[in-house]
Amino acid sequence: MTDYIELHAASAFSFLDGASLPEELVRLCKELEMPAMALLDRDGVYGSARFHQAATKAGIRAHVGAELTAQSAATYPILVESQHGYQNLCRLITRMKMRAQKGEATVDARDLEELAPGMICLTGGSTGPLTAALHHGGMEEGRSELQRLVHIFGHNNVYVELQRHFDRQEEAINHRAIDLAREFRLPLLATNGVRQAGRAEREILDVFTCIRHHRTLQTAGRLLTKNTERHLKSPREMAALFRDFPEAIANTVELSSRLDFTLENLGYEFPRYPVPDDETMTSFLRKRTGEYALKRFQPYGEKQRKQIERELALIEELKLEGYFLIVWDIVKYCRANNILVQGRGSAANSAVCYALGITAVDPVKMELLFERFLSKERGEWPDIDLDLPSGAQRERAIQYVYQRYGKLGAAMTANVITYRGKSAAREVGKVLGFDSDMLGRLTKLVSAWEYQDSKDTLEAHFRTAGLDIRHPLIDKFLSLCLGLQELPRHLGQHSGGMVICQGQLDSVVPLEPASMPDRTVVQWDKDDCADLHIIKVDLLGLGMMAVLEDSIQLIRDHFDEEVDLAHLPQNDEAVYSALQKADTIGMFQVESRAQMSCLPRMQPKCFYDIVVEMAIIRPGPIVGNMVNPYLNRRQGREEVKYPHPALIPVLARTLGIPLFQEQLQQLAMITAGFTGGQAEGLRRAFGFKRAEKKMIGIEAELRTGMQKNGIVGAMQDQIIQSITSFAQYGFPESHAASFALIAYASAYLKCHHLAAFTAAILNNQPMGFYSPATLVKDAQRHGLKIKPIDITRSDWFCTIERPAVRLGLRYVSGLRKSAAEALVTERGRAAFASVDDIAHRVPALRKDELVMLADVGALNFISPEHHMHRRDALWQVERAARRSGPLLEGIQEADEASPLDMMTTEERLIADFDGTGMTVGPHPMSYCRDEMNELNVHRAIDLQHVPNGSMVRIAGCVIARQRPGTAKGFVFLSLEDETGISNAIVTPDVFDRNRITIVQGKYLLLEGRLQNVDNVISVKVSTVRALDVTNATTVSHDFH
Amino acid sequence: MYASIFIPHFQVQALVRSEPELLEKALAVVDGVPPMLRVTDTNMAAIQTGVELGMTRLKVEHLYNVAIRQRSSIQEHSAHAALLDCAKAFSPRVEDTADDTVAIDLEGLDRLFGSYQQIATQIYDQTILIGLNPNVAVAANPDTAIHASRGFEGIVVVPRGTEQKRLAALPLEVLRPEPEFLETLQRWGIHTFGAFAKLPATKISERLGQDGVQLHKLARAAGTRTLNPYKESLRFEEVLELDHAIVNLEPLTFVLSRLIDQICRRLRVRNRATHEIHVKLDLDKRGVPPHERILKLPLPVCDPKLLVKLLMLDLESHPPKIAVIKVTAEAIPTRPRTVQNSLFAQLAPEPERLELTLARIAHVVGRENVGAPEVSNTHRPDMFRIKRFANAATNNHPVCAYGADTPPSEGGETSRNLHTLTFRQFRPALEATVQLSDGIPTWIAFQGLLGSIVTASGPWNSSGDWWRTDRWNREEWDVVIESRTKGFGMYRIYRDCIAKRWFAEGVYD
């Protein structure tokens, strides 16, 4: 074998300047028996973490580097020699990114001079600085460029790079470069300037080039690659290519041996928490935990004390005191600033976290698995997620972290946006030169339904659309779309993951400005950070946390009551009654159609039942066929048995059925002899985006382990199915418990403080499962009066007018917040006398906004003496909005009766739904109830009295359509009428026959057999009919 | 009094007129850029089967028994011209209101055609005869007549004084108001002429301004405007029907000279020139389409001699195959060229003479071969196109614009000083027989030259256009050949990797 190491390769993490994933490059590198390789992505180390992970697994040494763009547009290929060099590279990239607009960063010559130590510079290929200089000014300029590089990096740290892609012009440049290398006595270095793994990826690279330059393949011309030679070549091929310069090949090995640094020795250190002089972080943490534990644990007994001691010992051993103190500090800040906060993640299993107030679940009382929290053997790091109210409150917490650790000391983790079906189809279509209509059509063809039946293949869709997939262009379109899948498209920021570093984070990983103001983001995503043992804190925004926070404030302000979420009455009868009846619209995590159909069977009676309810309706347990056996066992219809006697302690509290991630981990440890580390790998696979692929490898390990333990045949299959189905996503118990707390709190507030809860949830839309229209109707059915939008009373947000809720101006479609606020401020000065007065005093209001306010009836209340109706208001608005000249500006007209007729009921409904997305008046179905009665249509509320198996008709407004991936093509519909919601199940064949009606119909009349199993009521649809109830635009929550 | 003829479903009717067998069928007319075609018009039968405006062609295809036709601007143009002709048969004062609507001034026609009812009936019958099924309305003012024809089916005569009452039930869409007006009125709950007319005009003025007042007036059928008579556009067309068919081109010169001379005189009278001449030669055989030629000029010309010469040169290159019985020439008018020559401008041939010379050259070598070669922006070897010479008088750019729209090369081209050899290319490349040793060419034979390859530099690989059916992939070598007959020579050879054949591409001097 010839010795050659590829030291200049870029991956798809060069964003549109490389065609292959780092893992693919590593795979090929291994196949070609290359012992090491360097990844130099454009202006970053985006792919280096993944490259390092894959290379470590494959036993390949992963060198780190980057191609840095200069102001001249040439790129400097930089290799990192030492940890110091890596830190310099990270700082260099951070500086260039932080001072430029996105996509326009260039390296500054002075920064380069300052931060060059520890780096090695190659002269580059066709885009390198030497080629650029030779192009521009011949040998003279080439000479001065080389001189400059030697001056910056030092004579020993510059290599003259030779690339051979079978190109005449490139060879001519090479000859000049060789002459210069001899003149400067610099070593030659052969590289292939790799931008794709194999030859075939050239097409992807060309497509990326077109996307980058906004061209089509037809117009890109010489921007495209000239041939397919920029792929990873074998040492033998490279040696043959450079047989006239063997030293260029030999130098690759010599240089590789010089490159000491890998991401293994990243130099990351979690920041230290500042403690008083006479304290250490250990003593400080011990004292705080001890103090708070006394208050938090009621009672604080031996069991609790022991667990805390055990945890503290481990925390000290792993030197994680700083981490816990820092998270505690964030929580403390939130509490001090009235920001609702609750921790979850593995921390929820920790008594220390509970004591410090980071989490709200008592792990001792709940008997949560401590090993899930921290394990010395696994070498894993704790994972603490802090749930915060979404929006401004969460941003305050994030900004606190930035302020505390500095802009270069903390940053958000990245979120790599990859090409998926639609985005790939759109870009490829553009590049192939399809026109916008064709593009729209092709993009739509990429099926958006979650479930795809056998007829849902892309080929079938193309054929239906009249496109011949045998046509070469269409064929190419398809293959390119597939080729682009999963390749990175751009970098976003993770919703809440923050990394913090002792000293400067910008020396660990480059930072860049995020698109949101005042935020920075690191170049790695959360998985990469975890792989490199960088501790992250998730500051996640949860809509329901904002609802809870707002509800508490509203209760405080309007009802003079103080609700303490930490001390809500336990086992509240109203809460459990509502849960048992599945009367859960608006409640956290228990309001979905699937949850609602489970609750009456589950009949939750205590808090742990809610924890189970959180975990059971997840794809993992559903696909793993765990739901029905659990419910049957719960109802005593099935015997409680265990797959293996050794599993009784693990599965006893879930009646022999594994429902939580921890149980699956323990299952693997007990039955297949998995070590803690392997079990952790399993857990990571559960939460991983590409879990299914990872699971294939793990399944083999599981089977081997079980075989050894004598677990074979059906028992083995059953356990394997339970475990592998969790690849579809399941909850850990601690996480379920944290969520259950929020669910309980939301249920409690809804049951006991409906007005505040409704106002708060309406103020935090969009969130949850249902539209505001459904939430309002549900609140009305529970006896709450909802008052319409009134310009003399409504604020921007919904408010409470005891005992009712007043809708806020935020629900007026098209009304800007700034205009609404100007209106409210002006109203505060003096009441409005007329529409003309409003138009005059609030010039910020545009005519279309005034029209919309009039249309939804918000102006009806200005002058009660006139009994103005909506059309009167529209009549006035049209005049008021027409600005008179300066002469008549001061003259104000009083409102007058219009010659227009009042709106009919139907017109009002249309205006309400168009203008606010809802109506506070009667439900549209109530207007046609007589007609429905003649058709023998049952109201939703009446279905509970109909015997199981009867043929029934139901009708209503479609509020949800679902076709979940786990339901084998069945479609679930929810219809709303004036009495509630009825549910229907549509079989695949009925759906096929009525596809258009079901997908597009706003009001449907469904006929079918009623199924009432344990008070879970649904109709199995046999016929479908569209109903003409109203032309009002209703909204359905569709998952398709 | 005024009459209005309105053709409902005009796009459909225009098509049916040329394809009468569609008359009984449900028909949807689609328009747009294929494949995104949408329904733009439809007939009643199609509406009953579920066709709606805006529906995609694909959806219509799923409906049973609906004929689908692409919208035809030619047929619509023709139907519209026929509609105007029909109207003009009754009165010289005709308004070309819209593609589907014409209005006629009936003043004094009662003495010729009878009562207004009779006139309307005759107009109706006449329109049927031209293949269109109209609505005809007669009223005291043109707008009322137009709205009545658009709103009522068949024949309607609106007696003077009853206009407002008669139109009251018509939907506001008939007024064809601006969308924002329509939206406001609909928000007000106003959907008909009658409801709108009831609103007080002064209040309308306060709210909708003068445009609103105008609409309001129309809704009250109180229009007072006069007809805006249609004027035919300027056409410079001359036709000569021949007593005897012409077989040779020479006599055609005289005919064309006559026609072009007349056209040029007319152009001069109107202070116009032409940049485009259409010549149509009707041929002496039934069913054979006429022979048509279009002569496009880079500059406006009004010189009959030059035009005839250019036309004849073109006809010599593209002669009619059958004897000619009728000659039609039409000049598309344009403003004449006015040139103020610069004192320091480079002396150049008269543009007209240059055009003539180029036409003569094109006649010999083909039009597609006249111009300046321009290198195409692609890696594909030897790709260029012939760009037509720009006219110096009308264009400040150099006549020969090499690489004018060539984008910058990303890979970077090597500077010109790297190429010092001259390369003479064989066009087309000469097929060669090549022997290889270890993948390197060692012997070659092509077109009488054969010899051993003493030096080979390469391979230089290039490939591209992989998304097209004519993708290419080649391996080039620069070789020094030693042959007994020609001694040493340096050549470029290449292997077409798709066809798997070798070629000699050229020689280095």
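## A charged patch and an enclosed strand in chain B

In chain B, helix 13 is home to B:Lys309. This is a predicted model, so take what follows as a reading of that prediction.

B:Lys309 has company: together with B:Lys305, B:Arg353 and B:Arg360, B:Lys309 makes up a positive surface patch. Two helices of chain B, helix 13 (304-317) and helix 14 (351-365), each put at least two residues into the positive patch. How does B:Lys309 count in terms of exposure? With a relative accessibility of 44%, B:Lys309 lands in the partly exposed class, because exposed would take over 50%.

Now for strand 1 of chain B. Strand 1 (residues 2-6) has 5 of its 5 residues buried, so the rest of the structure largely encloses it. Which residues point which way? B:Tyr2, B:Ser4 and B:Phe6 head to one side of strand 1, while B:Ala3 and B:Ile5 head to the other, and all are buried. As a rule, side chains in a regular strand alternate between the two faces of the sheet.

Strand 1 of chain B also has pairing partners, set out here:

| Partner of strand 1, chain B | Sense | Bridges |
|---|---|---|
| Strand 7 (residues 135-139), chain B | antiparallel | 5 bridges |
| Strand 6 (residues 101-105), chain B | antiparallel | 5 bridges |

To pin these pairings to residues, B:Ser4 sits opposite B:Ala137 of strand 7, and B:Ile5 has B:Val102 of strand 6 as its bridge partner.

Conventions
Residues are numbered from 1 along each chain as its sequence is written. Chains are lettered from A and ligands numbered from 1 in the order in which they are written. This is a predicted model: local features need pLDDT of at least 70, side-chain atom pairs count only at pLDDT 80 or more; totals for chains, interfaces and linings use all residues. Side-chain values use heavy atoms; hydrogens and water are left out. Patches are made of residues with over 30% relative accessible area and no salt bridge: like charges are joined within 9 Å, nonpolar side chains (Val, Leu, Ile, Met, Phe, Trp, Tyr) within 5 Å. Accessible areas come from the Shrake-Rupley method with a 1.4 Å probe; for residues, only the protein chains shown count as cover. A salt bridge is a side-chain nitrogen of Lys or Arg within 4 Å of a carboxyl oxygen of Asp or Glu. Lys and Arg count as positive and Asp and Glu as negative; His and the chain ends are not counted. The place of a charge is taken as NZ of Lys, CZ of Arg, CG of Asp or CD of Glu. Helices (H or I, at least four residues) and strands (E, at least two) are DSSP runs, numbered from the N terminus. Buried means under 20% relative accessible area, exposed over 50%, partly exposed in between (1.4 Å probe, protein chains only). Two strands pair if DSSP finds at least two bridges between them.
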